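Biologist: I'm new to this one, so please pick a single part and take a close look at it with me. Start from one spot and work outwards, in plain words.

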Amino acid sequence: MERYINISLDLNPIISEQLDFRIPSSMKLKEILQIISDSYKLKISLDNPSMRIVQTGKILLSTSTFESLKDGMLIKLETI
């Protein structure tokens, strides 16, 4: 059975608000950012995105999954 996780994404300066999601923990960072980009009709190029987990300082790369995260963690956009 697939494990889901509740996370908050800070996508500033692309979107000026914090977004809360429940996603499969096996989803890759680039996949979730592509879904958000398509849903919000953002015109961004996702070449090699990275995000930082605020609570731990760990960097997630485009191919990273969310399996090591815990519910409620905040992830901040570093590069797109």
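**A loop proline and the space around it**

Modeller: Let's start at P49, which sits in the loop between α1 and β3. Bear in mind that this is a predicted model. Is P49 buried or exposed? Its relative accessibility is 0%, and buried means under 20%, so P49 counts as buried.

What does P49 touch, then, once residues up to four places away in sequence are set aside? Its contacts are L29, K30, L33, L60, L61, S62, T79 and I80. Further along the chain there's E78, 29 residues from P49, yet the two C-alpha atoms are separated by 7.5 Å.

Now stay in that loop, the one between α1 (29-39) and β3 (50-53), and find K41. Unlike the buried P49, K41 has a relative accessible area of 66%, which is over 50%, so K41 is exposed. The backbone of K41 is worth a glance too: its phi is near 55°, a positive value in a residue other than glycine. Most residues other than glycine have a negative phi.

Two of P49's contacts, L33 and I80, lead us to an empty space. A search of the whole structure finds one cavity of 30 Å³ or more, and the largest cavity holds about 60 Å³ of space. Which residues line the largest cavity? They are L11, I14, L33, I36, S37, L42, I44, L46, L77 and I80. Helix α1 gives the most to this lining, with three residues. By type, the lining has nine nonpolar residues, one polar and no charged.

S37 is part of that lining, and S37 belongs to helix α1. With 3% relative accessibility, under the 20% limit, S37 also counts as buried. Leaving out residues up to four places away in sequence, S37 touches L42 and I44, and both of those line the cavity as well.

L11 is another lining residue, and from there we can step into the core. The largest nonpolar core has 21 residues, and L11, F66, L69 and I75 touch the most other members. β1, β2, α1, β3 and β5 (73-79) each supply at least two residues of this core. α1 gives the most to the core, with four residues. In soluble globular proteins, nonpolar side chains tend to be buried together. As for L11 itself, its contacts beyond four places in sequence are E17, L19, L33, I36, M51 and L77. L33 turns up here again, having already appeared as a contact of P49.

Last, look at the strands on that side of our tour. β1 is mostly covered, with five of its seven residues buried. β1 and β2 run antiparallel and are joined by seven bridges; N6, for one, has R22 in β2 as its bridge partner. β1 and β5 run parallel, with four bridges between them, and D10 stands opposite K76 in β5.

One more backbone detail before we stop. P13 is in the loop between β1 (4-10) and β2 (18-24), and the peptide bond joining N12 and P13 is cis, with omega about 10°. Most peptide bonds are trans.

Conventions:
Residues are numbered from 1 along each chain as its sequence is written. This is a predicted model: local features need pLDDT of at least 70, side-chain atom pairs count only at pLDDT 80 or more; totals for chains, interfaces and linings use all residues. Side-chain values use heavy atoms; hydrogens and water are left out. Buried means under 20% relative accessible area, exposed over 50%, partly exposed in between (1.4 Å probe, protein chains only). Contact means heavy atoms within 4.5 Å. A nonpolar core is a set of buried Ala, Val, Leu, Ile, Met, Phe, Trp, Tyr and Cys residues joined through side-chain atoms within 4.5 Å. On a 1 Å grid over the protein atoms alone, a cavity is a set of points where a 1.4 Å probe fits but cannot get out, and a pocket is an open set with protein on both sides within 12 Å along at least five of seven lines; lining residues have an atom within 4 Å of a point. Grid points are joined across faces, edges and corners, and a volume is the space filled by probe spheres set on the points. Ala, Val, Leu, Ile, Met, Phe, Trp, Tyr, Cys and Pro count as nonpolar, Asp, Glu, Lys and Arg as charged, and the others, Gly among them, as polar. Two strands pair if DSSP finds at least two bridges between them.
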